[in-house]
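These are my notebook entries on a structure that I had not examined before. I record what I looked up, entry by entry.

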Amino acid sequence: MLPASEGRRLRAARVRLSRSVRRFVRAGRRSLRRGAGGHRRSRASRRARFPRAVRWALACVCALAVLAASAVVIGYARTPVPTEPQAGVTDEGSTVYYADGRTPLFRLGANRQSVRHGQIPDRLRWAVLAAEDRGFYRNRGVSVSGTFRALLRDASGGDVEGGSTITQQLARNYFKGLSRDRTPARKIKEIFVALKLDRHRAKDEILDLYLNTVYFGRQTSGVEAAARAYFDKDVWQLDVAECALLAAMIQRPGYFRTQGDGDAARALQARWHYVLNGMVSMGKLGRADADRLRFPRTKEEWSGVSVSGQGLLARQRVLDELESTGIPASAVVNGRLKIYTELDPRWMAYAEEAMRRAHEPQWPKDVRAGLVAVDPANGAVRAFYSGDPKRGVYDSVFEPVAQAASTFKPYVLAAALRRGYNVRTKVPGKSPLRFAPDGSVTPMTAPGYKVSNDEKIGSLGTIDLVKATELSVNTGFVKAALKTGVANVAETARRFGVPESALRPYKGQAGLALGIANVSAAVQAAGYAAFANGGTAVTPHLVTRVVDARGRRVPLPWDRPGDRVLTDEQAAQATYAMRAVVTGGTGRKAALADRDAAGKTGTSDDNHAAWFVGYVPQVSAAVVMTRAQPGPLEGLAGHPGRVAGEDVPSSVWHAFMAKATRGMPAEPFAEPAFTGTAPDWDDTLKNMAGKKGPDGPAAGRGSPSAGAPTAPTRAPDPDGSSGAPADARTRKKWCAKPGNEDAKVCTGT
């Protein structure tokens with residue numbers, strides 16, 4: 001039952017509405033009775049001009065208007081003045097746990113500290129109003145135009161929250177009584193609550209309450225906590241530029257980035273300029289003063305973080321993963337969630353130690369380096385290291401900071417295996433070669449895609465895909481990609497977890513086989529995990545389990561089993577080829593003393609980036625290094641020459657894995673049966689001499705071995721004779737080519 005005062009107001013409103021409707025009806029009747037020039041018309045003429053159907057329609061419209069107006073009046077009268085805050089506003093924060101499920105990694109609590117009206121500077125008030133509600137002091141708590149835009153967006157499936165005033169935001173996010181349903185009915189009720197708030201509370205009181213509770217990102221609610229988190233200042237010490245940045249953060253606190261030059265950072269800077277321009281248009285800041293301001297520098301770490309080193313990246317990654325599942329940051333920091341990971345603090349320390357042994361803290365600030373290890377069974381991240389925070393806080397693990405380079409080649413190998421070929425398929429090792437779109441070798445003077453091997457590899461004869469993987473032979477892998485189908489390679493990589501957005505710019509390009517796409521270390525570690533686990537794709541993730549405040553488990557997308565991309569036999573063949581990389585190829589520095597390992601090195605053009613990605617049956621890990629600025633990886637502390645995947649990344653991977661696998665059972669890899677066909681795709685001799693010699697393909701280091709294949713156990717012969725033709729006449733031509741003249745078969749030594 002309504003209180004007596006509310007009842008009286010309701011009855012009075014009904015009386016006023018009834019009188020207004022009666023006046024409207026009487027006026028309509030008078031206008032109908034008058035003709036042109038104001039003279040009364042006869043009843044017959046009136047009926048002739050306004051048939052009964054029209055009169056009934058007008059009557060229905062009037063009745064509907066009366067009903068709608070009555071509903072609005074009744075709804076408003078029945079809406080109580082909000083007094084109590086929502087339960088979530090004052091709830092405890094959430095806790096993130098290490099792999100043991102008991103040790104907290106960090107807390108994501110509501111970091112809030114209320115301040116009095118006099119402690120909040122006017123420059124911050126006007127900055128927030130310029131960002132969120134420029135008509136705050138003029139409106140009645142509701143923006144009519146903004147509300148209609150929001151209702152239209154909602155009706156068309158858009159965002160129902162758009163167009164809200166500060167009073168409406170406070171009604172929705174702070175006071176009890178409004179559901180979280182994204183419906184027009186909830187929006188209308190929000191309007192009623194906002195109108196009641198505006199009527200019963202002073203504007204400054206509403207604004208103070210808003211500023212003390214709104215979420216700013218970095219796990220902070222309220223302006224004082226935000227000022228501490230971003231600038232290590234009290235709120236009353238902030239200057240205009242800093243106030244404008246905090247005001248800008250309100251719109252998208254989980255997305256904006258205050259540092260860097262990515263899309264999120266540029267979007268925040270644009271929003272910051274929008275706030276300043278708003279202050280100018282409101283007359284609270286001079287145009288010249290605004291033009292002199294520069295985007296403020298925020299602190300790299302903020303107060304209250306209980307973990308050091310990689311904790312900041314872990315926090316942001318947890319929030320990003322939960323937001324991708326539909327749990328916004330505001331719900332995390334106030335939701336009393338229990339969030340579990342598989343992060344092992346010992347492994348985290350091993351990752352850091354491996355990087356420090358390589359002198360990573362002394363490298364230039366533009367060198368990005370990272371290490372990440374995942375569980376092949378499910379893709380859970382077990383450890384990561386994204387660089388010494390003293391060199392700068394950046395994400396070189398989960399962000400695609402470098403081209404994949406030759407670590408992409410196993411996806412080409414997998415694409416061939418999925419097409420029914422096996423790793424004994426023959427490919428050319430000669431360099432350079434020019435390829436037609438169908439994969440055939442064309443003369444160097446003809447149009448086509450020119451490919452060269454790394455100078456350390458040089459020009460080889462006919463080799464199989466095992467040898468091509470072992471030595472990272474570019475010509476052999478481009479041939480395999482073209483014969484298998486570049487589209488098939490891209491689709492295979494996508495099924496292994498490479499994002500479609502990384503592959504799309506290189507659609508149909510044979511260079512995709514050489515790793516021209518940018519990928520993250522986490523994606524590569526998870527992609528190779530599919531080789532380790534027998535062919536099932538996994539998604540890299542930190543969050544393994546979420547339990548809400550009621551003890552219920554929240555479902556996560558990666559709880560579902562991954563897609564099967566290879567059979568056990570195909571995965572075993574791919575692993576066989578990548579074992580050769582470690583036992584006798586470019587990744588020998590990664591070899592582990594007590595167990596087999598498989599993997600692949602990668603070095604991009606001009607040594608701008610370097611990789612090693614490898615695995616044992618229980619762990620898959622990736623190491624990446626790159627420069628943020630153009631130029632090669634060279635002159636680094638502890639590594640005076642140019643860095644390639646075969647040296648520093650391989651050594652760092654070895655140092656980490658040697659400790660991480662200590663005490664772990666040395667599980668063997670599955671041995672392949674080498675099923676599938678093994679065609680000969682090497683057509684270079686046909687183009688060079690018109691026919692093959694009497695002994696078949698040219699002999700040498702790259703020739704396939706006869707009989708059942710066995711895992712390579714040694715490095716390529718260093719005597720300089722590898723790849724030389726067998727017959728004397730052809731060998732003479734081979735020796736005349738630049739780069740071959742010093743070989744023993746050419747010098748006679």
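**Entry 1: a helix crossing.** I began with two packed helices and found that helix 16 and helix 21 cross in a left-handed manner; a crossing has this hand if the near helix is turned anticlockwise from the far one by less than a right angle, and is right-handed if clockwise. Helices here are DSSP runs of H or I with at least four residues, strands are runs of E with at least two, and both are numbered from the N terminus. The model is a predicted one, in which local features need pLDDT of at least 70 and side-chain atom pairs count only at pLDDT 80 or more, while totals for chains, interfaces and linings use all residues. Residues are numbered from 1 along each chain as its sequence is written, and side-chain values use heavy atoms, with hydrogens and water left out.

I then looked up the geometry of this pair. Two packed helices are described by the angle between their axes and the distance between the axes. For helix 16 (residues 409-418) and helix 21, the angle is about 35° and the axes lie 11 Å apart. The axes are lines fitted to C-alpha atoms, for helices over the stretch in contact, and angles run from 0 to 180 degrees between N-to-C directions. Where the two helices meet, P410, Y411 and A414 of helix 16 face V523, Q524, G527, Y528 and F531 of helix 21; contact means heavy atoms within 4.5 Å.

**Entry 2: the surroundings of helix 16.** Is helix 16 largely enclosed or open? Nine of its 10 residues are buried, so helix 16 is largely enclosed by the rest of the structure. Buried means under 20% relative accessible area, exposed means over 50%, and partly exposed lies in between (1.4 Å probe, protein chains only). I noted the buried residues of helix 16 as K409, P410, Y411, V412, L413, A414, A415, A416 and L417. Their cover includes helix 17 (465-471), helix 18 (474-484), helix 19, helix 21, helix 22 (568-584) and strand 18 (598-603).

From helix 19 (residues 486-496) I chose T492, which is buried at a relative accessible area of 1%. Leaving out residues up to four places away in sequence, T492 touches Y411, A414, A415 and R418. Just after helix 16, G420 takes a positive phi of about 100°.

**Entry 3: the nonpolar cores.** In soluble globular proteins, nonpolar side chains tend to be buried together. I counted as a nonpolar core a set of buried Ala, Val, Leu, Ile, Met, Phe, Trp, Tyr and Cys residues joined through side-chain atoms within 4.5 Å. How many residues does the largest nonpolar core have? The largest has 128 residues, and F384, F531 and F656 have the most contacts inside it. Helix 21 (residues 521-532) gives the most to this core, with 10 residues. The core draws at least three residues from each of domain 2 (342-402 + 519-544 + 562-667) and domain 3 (405-516), with bounds from an automatic or database domain assignment.

I followed F656 further: apart from its neighbours within four places in sequence, F656 is in contact with W347, Y350, A351, A354, L371, A373, A383 and A621. Apart from this core lies another, of 43 residues, among them A130, F136, V223 and M279.

**Entry 4: salt bridges.** Side chains of opposite charge can pair when their charged atoms come close. I found 32 salt bridges in the structure, each being a side-chain nitrogen of Lys or Arg within 4 Å of a carboxyl oxygen of Asp or Glu.

D263 pairs with R266, with the closest N and O atoms 2.3 Å apart. These two are three residues apart in helix 11 (residues 263-281), which means that about one helical turn separates them. D263 is exposed at 53%, whereas R266 is partly exposed at 46%.

D366 and R627 form another salt bridge, at 3.0 Å from N to O. This pair links distant parts of the chain, 261 residues apart: D366 is in the loop between helix 15 (345-357) and strand 7 (367-374), and R627 is in strand 20 (residues 619-627). D366 is buried at 18% relative accessibility, and R627 is buried at 14%.

**Entry 5: the chain as a whole.** I closed with totals: the chain has 26 helices and 22 strands, and buried residues make up 50% of its 749 residues.
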